Amino acid sequence: MMNADRRCVGPKTAHVGEQELENEMLVLVATRETQGREDGDYCSTVEGELVTPITFECCVPDTCGCGRGYPGLVSAGATTTAMVVDRTAITPQILRQSVTDSLERGGWRDMADEEFEQIIDDHVHTIIRICKAFGDGAIVRRDGPAFWADVRRSAA
Ligand SMILES: [Zn+2]
């Protein structure tokens with residue numbers, strides 16, 4: 001089962017210039033900027049760590065606040081404010097691995113492989129989709145499945 005499908009793709013051909021710019025990767029990171037602007041803001045993440053816009057909400061997400069949070073992929077904390085940033089050092093593979101590691105540490109590995117892969121895909125795709133929608137520098141808040149930008153930093 002393991003070997004049949006496994007293909008060695010080898011390292012990607014390295015291109016310089018334009019190609020590298022196209023590989024710029026927007027990700028969501030924890031920020032304290034605009035914290036306190038909304039009631040019930042919280043930020044127990046590590047500044048600048050990767051966060052995910054998907055949470056497993058408890059039964060009272062409104063009073064608890066988890067429905068508004070972005071869990072950090074490294075810390076066990078969460079934040080209500082996430083910033084879209086361009087991290088050229090992060091590739092889709094690294095992002096995927098970070099999500100995987102975080103979920104494994106969180107005890108979510110105990111399910112069928114296919115199901116687990118699906119959840120990882122959801123995280124990665126949602127991060128990419130939100131980053132594209134709001135753009136570099138946006139501070140994005142959420143409430144359940146709804147996302148909006150708090151402020152947009154000037155690009156200068
Ligand atoms: Zn909760």
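This passage walks through the fold of one protein chain, from its overall make-up to its strands, its helices and a few single residues.

The model described here is a predicted one. Its secondary structure comes to four helices and six strands. Read from the N terminus, these elements follow the order α-β-α-β-β-β-α-α-β-β. The chain has 156 residues, and 25% of them count as buried. A useful way to look at a fold is to ask how far along the sequence its contacts reach. Among contacts between residues at least 6 apart in sequence, 61% join residues that are at least 24 apart.

A good place to begin is strand β1, which spans residues 26-30. Four of its five residues are buried, so the strand is largely enclosed by the rest of the structure. Its partner is strand β4, residues 82-86, and five bridges join the two. The two strands run antiparallel. Individual pairs can be picked out along them: Leucine 28 stands opposite valine 84 of β4, and alanine 30 faces alanine 82 of that strand. Strand β4 also pairs with strand β5, residues 138-143, through two bridges. This pairing is antiparallel too, and in it methionine 83 stands opposite isoleucine 139 of β5. Strand β4 is thus bridged to β1 and to β5.

The helices offer a second view of the fold. Two packed helices are described by the angle between their axes and the distance between the axes. Helix α3 covers residues 92-105 and helix α4 covers residues 113-134. They pack at an angle of about 130°, and their axes lie 10 Å apart. Because of that angle, α3 counts as oblique to α4. The crossing of these two helices is right-handed. On the α3 side, the contact is made by Pro92, Leu95, Arg96, Val99, Thr100 and Leu103. On the α4 side, Ile119, Ile120, His123, Val124 and Ile127 take part. Sorted by character, the residues of this contact divide into eight nonpolar, two polar and one charged.

Some single residues add detail to this picture, starting with the loop between β1 and α2. Threonine 34 sits in this loop, with α2 itself spanning residues 61-64. Its phi is positive, at about 65°, although the residue is not a glycine. Threonine 34 has 15 C-beta neighbours inside 10 Å, so it counts as partly exposed. Glutamate 49 lies in the loop between β1 and α2 as well. With 17 other C-beta atoms within 10 Å, glutamate 49 is partly exposed. The C-alpha atoms of glutamate 49 and alanine 30 are separated by 5.5 Å, although the two residues are 19 apart along the chain. Leaving aside its neighbours within four places in sequence, glutamate 49 is in contact with Val29, Ala30, Gly72, Leu73, Val74 and Ser75. Two of these names, Val29 and Ala30, fall within the range of strand β1, residues 26-30.

Another threonine, threonine 88, is found in the loop between β4 and α3. How many other C-beta atoms lie within 10 Å of threonine 88? There are 10, and on that count the residue is exposed. Threonine 88 and leucine 26 are 62 residues apart along the chain, while their C-alpha atoms are separated by 8.1 Å. Apart from neighbours within four places in sequence, threonine 88 is in contact with Glu24 and Met25.

Threonine 126 brings the account back to helix α4, where this residue has its place. With 16 other C-beta atoms within 10 Å, threonine 126 is partly exposed. Which residues does threonine 126 contact, once its neighbours within four places in sequence are left aside? They are Pro53 and Ile54. Measuring along the sequence, threonine 126 and isoleucine 54 are 72 residues apart, yet in space the distance is 7.9 Å, C-alpha to C-alpha.

Key:
Residues are numbered from 1 along each chain as its sequence is written. This is a predicted model: local features need pLDDT of at least 70, side-chain atom pairs count only at pLDDT 80 or more; totals for chains, interfaces and linings use all residues. A residue is buried if 20 or more other C-beta atoms lie within 10 Å of its own, exposed if 12 or fewer, and partly exposed in between; C-beta atoms are placed from the backbone. Two residues are in contact if their C-beta atoms, placed from the backbone, lie within 7 Å. Axes are lines fitted to C-alpha atoms, for helices over the stretch in contact, and angles run from 0 to 180 degrees between N-to-C directions. Angles under 35 degrees count as roughly parallel, over 145 as roughly antiparallel, 65 to 115 as roughly perpendicular and the rest as oblique. A crossing is left-handed if the near helix is turned anticlockwise from the far one by less than a right angle, and right-handed if clockwise. Ala, Val, Leu, Ile, Met, Phe, Trp, Tyr, Cys and Pro count as nonpolar, Asp, Glu, Lys and Arg as charged, and the others, Gly among them, as polar. Two strands pair if DSSP finds at least two bridges between them.
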